[in-house]
Amino acid sequence: MIANEEILKLCAYHESGRIVFAYQCTYGCESVELSPTDSGKGNSKLNGYNDLEFIQAIFSGKPQTIITENANKANEVAKNLMKIYCAGSCAENYFENGLSADNINEMEIPGQDAKHIEQLQNFLTQQIPNHPEDYPSKIILQIFDELKKADIWKPIEILAERILKTEEKSLNRFYIEDALMMAGFKINKQIIKQGISIQEDVSKPLKPNAISEVQPAQADGALIDKALKDFLGLVKKDWTSDEMDASIKYLKLIFKKFN
């Protein structure tokens, strides 16, 4: 039996792989939480932003006007999702085999991911004439080629290690994006909409996890919060409430370290 620590590590790379490829597709991630019992059952709440309606329609399994009227866009979104759902297992396998792609044929895809991959393949087969039967396999090979590149693997590695260092084995969006930017990964900022959980029914939008607000115990704390908020407002004009709260909390942690 694999020890919990090893499962957590594999899960961290699994989730980090899917998160990095989600950002590569211009999506985002509201939060991530690891599973200590099954590396394929971590929970990454991804955010499809402007593609959210397409994502819900694709996974609904029913004819949708948005798909018939925007077939090319729907197919593009489905292909993005195929890549994201394959990426987790690929990253886990790549890490487990010492950054080698020699054991691709032995890679196992968890049931939940496999279910969504099958749904997406069926959708694309119905949408596109002569859609290749081995399309998921081709995407997996493509992902392994990308994992060999430092600008993809480094963000995955840094994000995985960042999650593992937390006591709760979880991160919110602010810290996820902070880790990715530290690795040199370019993030395209989007308007925040509802997140979709990678482990839930994606036909039903889920609200993103609320980031804990900083609750100052004294009036001095409130003044510090206001000063930091004013400063952050000069740095960036379009903070959401959650982003602002998380940024203030993060700066306080930095100040505390050097106090």
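How much accessible surface does the protein chain have, and what share of it belongs to carbon and sulfur atoms? Show the surface: it comes to about 14000 Å², with 50% belonging to carbon and sulfur atoms (Shrake-Rupley method, 1.4 Å probe; for residues, only the protein chains shown count as cover).

Before you click on, note that this is a predicted model, in which local features need pLDDT of at least 70 and side-chain atom pairs count only at pLDDT 80 or more, while totals for chains, interfaces and linings use all residues. Residues are numbered from 1 along each chain as its sequence is written, and side-chain values use heavy atoms, leaving out hydrogens and water.

**Stop one: the whole chain.** Switch to cartoon view and you will find 10 helices and 4 strands (DSSP runs, H or I of at least four residues for helices and E of at least two for strands, numbered from the N terminus). Their order along the sequence is α-β-β-α-α-α-α-α-α-β-α-β-α-α. Of the 259 residues, 47% are buried (under 20% relative accessible area; exposed is over 50%, partly exposed in between, with a 1.4 Å probe and protein chains only).

**Stop two: helix H5.** Select residues 111-127, a helix of 17 residues. Its first and last C-alpha are 24 Å apart, close to the 24 Å expected at 1.5 Å a residue (that is, 1.5 Å times one less than the number of residues). Now colour its buried residues: Asp113, His116, Ile117, Leu120, Gln121, Phe123 and Leu124. They lie on the same side of H5 because they cover an arc of only 160 degrees around the axis (taken from the directions from the helix axis to the C-beta atoms). Turn to the face away from that side to meet the exposed Gly111, Glu118 and Gln126. To see what covers the buried residues, add helices including H1 (4-24), H4 (71-96) and H6 (135-147).

**Stop three: the aromatic rings.** The structure holds 6 aromatic pairs (rings of Phe, Tyr and Trp, the last by its six-membered ring, with centres within 6.5 Å; planes under 30 degrees apart are stacked, over 60 edge-to-face, the rest tilted). Select Tyr13 and Phe95, a stacked pair at 3.8 Å centre to centre with 5 degrees between the planes. Tyr13 sits in helix H1 and Phe95 in helix H4, so this pair ties together parts 82 residues apart in sequence. Tyr13 is buried at 2% relative accessible area, whereas Phe95 is partly exposed at 21%. Next, pick Tyr94 and Phe144, which form an edge-to-face pair because their centres are 6.4 Å apart and their planes at 65 degrees. Both residues, Tyr94 and Phe144, are buried. Finish by adding Trp153: Tyr13, Tyr94, Phe95, Phe144 and Trp153 form one aromatic cluster.

Notes:
Contact = heavy atoms within 4.5 Å.
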